[in-house]
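Reader: Could you take me through one part of this model in some detail? I would enjoy a close look at how its aromatic rings are placed, and at what else lies around the helices and strands.

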Amino acid sequence: MEVRIQDIHFDASQQLVDFINTKADRMSRRYPTLDYTEFTLTLIKPQTIKNKEARVKAIVPHHGEFTATKTADSFEAAITEALEAVEAQLAKIKDK
């Protein structure tokens, strides 16, 4: 599975990149038909409490694109929430 990470308005730390790769690896083991996953991380201006947005896009051949966007206090929390939303969408096609 191909994983792409985009960081907008900031530079992602290696720790954040490792966190994303760990989550993507877990997701690819759970959903082996998953072909491509893109993580778009945005630091929203002005500086507010919930200013970190994560958008996760997953592509499954013959089923299409699944997307979720979440905002939270940290990128890790936003990524986790967005992945949960995408996995809920993927679970629907896995059962078919």
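Author: Happily; here is a walk from the rings to a lysine and then to a hairpin. The model is predicted, so local features need pLDDT of at least 70, side-chain atom pairs count only at pLDDT 80 or more, and totals for chains, interfaces and linings use all residues. Residues are numbered from 1 along each chain as its sequence is written, and side-chain values use heavy atoms, with hydrogens and water left out.

The structure holds 1 aromatic pair (ring centres of Phe, Tyr or Trp, the last by its six-membered ring, within 6.5 Å; stacked is under 30 degrees between planes, edge-to-face over 60, tilted the rest). Phe10 and Phe75 are stacked, at 4.6 Å centre to centre and 15° between the planes. They sit 65 residues apart, Phe10 in the loop between strand 1 (2-8) and helix 1 (14-30), and Phe75 in helix 2 (residues 75-94). Helices (H or I, at least four residues) and strands (E, at least two) are DSSP runs numbered from the N terminus. Phe10 is buried because its relative accessible area is 18%, and Phe75 is buried with 8%; buried means under 20%, exposed over 50%, partly exposed in between, using a 1.4 Å probe and protein chains only.

In helix 1 you will also find Lys23. Beyond its neighbours within four places in sequence, Lys23 is in contact with Thr80 and Leu83 (heavy atoms within 4.5 Å).

Finally, strand 3 (residues 52-60) and strand 4 (residues 64-72) pair in the antiparallel sense over 9 bridges, pairing needing at least two DSSP bridges. Arg55 has Thr69 of strand 4 as its bridge partner. The two strands form a hairpin with 3 residues between them, and His62 in the turn has a positive phi of about 70°.
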